[in-house]
Every structure is written in C-alpha cells, then in structure tokens.
Amino acid sequence: MFCNAIFSHRIVFLANLLLIVSIAPQAAGQTNPLIAEKNESANAPEEIVVYGERNIIQLRAEVYRAEQAFLDKFNLLNSDDNFDFKCKIITLLENRARKRVCVPRFAQKYEARMAAAMIRDGNFQTPPRFQAQLRKYEALLVEEMLVLIGDDEELREAYSKLELAKTAYEGELKERRQK
C-alpha cells in the first residue's frame, strides 16, 4: 500500500513535470520544435515511404538515451543538488513489468523521511508538512527547469531530441496497436 502510494505520487509528479517541460519552449519565448517541424512539413512532400520495420526496443533505447542526455545536462546546470535526477529500473509489484523511473533527489529524500515518520508515528497518512515541502520543491524545480531550458541552447537541443525520440516511439506503439 505504501509503495503504491509513493509510486502513484511519482507518476503524477513526473507526468506534471513532463507537461511543464513540454511547454517550456513557449514560456521561454521559443517555438516548440514539434510545432516548428509541423509547420516546416507543410512544405515537404505529402508522404515518404520507408521500407523496413522499426525495432520497438531500439526506439525505447533511443528515448532512454535522449532522456538521460537531457537529465545529465540539467543536473550539471541546475543550482541545487536536490534538483538532480537519478534514473533507475524498477519492477512493478502487480505485474512484474520493468519500468524506468527518474526522480529528483528531493523526492527521494522526501520518500525516506515520510517512511520514517510513518513507521515512527504509526500513522500511514502523509503528514501535511511533508506535502507542503514537496510542493515547494516541485515548484522550485519547475521554475529552475523553465529558466535553464530558456537560457541554455544545449539543454533546449537535448530536450528537442528527447521529444522527437518519444514521438517516434509512441507513434510506433500506436501503429502496432492498430494492427
């Protein structure tokens, strides 16, 4: 139960973070590379036929590499070590599926403090003081990420590569589900 609650929180946090990162170029006065690419593709030929099958494992590996490159660059640039991300492969308890999860250091510390407080107090509800601390750090992380993406060309480029890799992977998954 405790692990599921923490995992759910991580998923929500990462989903929110990716949503915010995906709008970062617009907030920083940049054009979103995906939108710019769509505008450029209006002048491109209507259809390009590629023969051969894309390997879903290779596409997933490309996403992981692009994500790691983006996070490595972000970890170098950010002003607080608590914002540094660490990625690891976890095995989900309910179906034994393996999943890559990237979590900032402050969330790891939050989880450890929350677990200790729950065991110490015997109360398995998340204490409000921990929720407030987590929300504060999440807001600071998002602000830092938006500023750095707006200011650093290499980070913006790493983010664009990540988005393109994710789009290719998700497109291939969607195509395979339709078959």
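## Buried share and overall make-up

Of the 179 residues in the protein chain, 35% are buried. Keep in mind as you look around that this is a predicted model. The surface that the protein chain exposes comes to about 11,900 Å², and carbon and sulfur atoms supply 54% of that area.

The protein chain holds 6 helices and 2 strands. If you follow the sequence from its start, these elements come in the pattern α-α-α-β-β-α-α-α. Among contacts between residues at least 6 apart in sequence, 65% join residues at least 24 apart.

## The nonpolar core

A good place to go next is the inside. The largest nonpolar core has 33 residues, and the members that touch the most others are F70, F74 and F85. Six elements are listed as giving two or more residues to this core: α3 (56-77), β1 (85-91), β2 (98-104), α4 (105-121), α5 (128-151) and α6 (153-178). Helix α3 provides the largest share, with 7 residues.

## The hairpin

Now turn to the two strands. β1 and β2 run antiparallel and are joined by 7 bridges. Two of the facing positions are easy to look up: K86 stands opposite V103 in β2, and K88 stands opposite V101 in β2. Strand β2 is largely enclosed by the rest of the structure, because 5 of its 7 residues are buried.

Together β1 and β2 make a hairpin with 6 residues between them. One residue of the loop between these strands is R96. The phi of R96 is near 60°, a positive value in a residue other than glycine. For background, most residues other than glycine have a negative phi. With a relative accessibility of 70%, R96 counts as exposed, because the cut-off for that word is over 50%.

## Two helices up close

Helix α4 has 17 residues, which should span 24 Å at 1.5 Å a residue; the end C-alpha atoms of α4 are 24 Å apart, so the two values agree. The buried residues in α4 are F106, A107, Y110, M114, A115, A117 and M118. Just after α4 comes G122, with a positive phi of about 70°.

Helix α5 has 24 residues and reaches 35 Å from its first C-alpha to its last, close to the 34 Å expected at 1.5 Å a residue. Buried residues in α5 include F130, L134, L141, V142, M145, L148 and I149. The glutamates E138 and E144 are also among the buried residues of α5, as is G150.

## Salt bridges

How many salt bridges does a search of the whole structure find? The search finds 7. As a general point, side chains of opposite charge can pair when their charged atoms come close.

One of these pairs is R100 with E67, whose closest N and O atoms are 2.3 Å apart. This salt bridge links distant parts of the chain, since R100 is in strand β2 and E67 is in helix α3, 33 residues apart. Is R100 buried or exposed? R100 is buried, with a relative accessible area of 16%, because the cut-off for that word is under 20%.

Another pair is K73 with E154, where the closest N and O atoms are 3.1 Å apart. K73 lies in helix α3 and E154 in helix α6, so this salt bridge ties together parts that are 81 residues apart in sequence. E154 counts as exposed, at 53% relative accessibility.

A third example is found inside a helix. The side chains of K166 and E163 meet in a salt bridge, at 3.5 Å from N to O. These partners are 3 residues apart in helix α6, so about one helical turn separates K166 from E163. In general, an α-helix has 3.6 residues a turn, so residues three or four places apart point the same way. Both partners are buried: K166 has a relative accessibility of 16%, and E163 has a relative accessible area of 11%.

Notes. Residues numbered from 1 in each chain as written. Predicted model: local features only at pLDDT ≥ 70, side-chain atom pairs only at ≥ 80, totals over all residues. Heavy atoms only, no water. Core = buried A, V, L, I, M, F, W, Y, C linked by side-chain atoms within 4.5 Å. Buried < 20%, exposed > 50% of the residue type's maximum accessible area, 1.4 Å probe, protein only. Helix = DSSP H or I, 4+ residues; strand = E, 2+ residues; numbered from the N terminus. Salt bridge = Lys/Arg side-chain N within 4 Å of Asp/Glu carboxyl O. Expected span 1.5 Å × (residues − 1). Contact = heavy atoms within 4.5 Å. Areas by Shrake-Rupley, 256 points an atom, 1.4 Å probe, with all protein chains shown as cover. Pairing = 2+ DSSP bridges.
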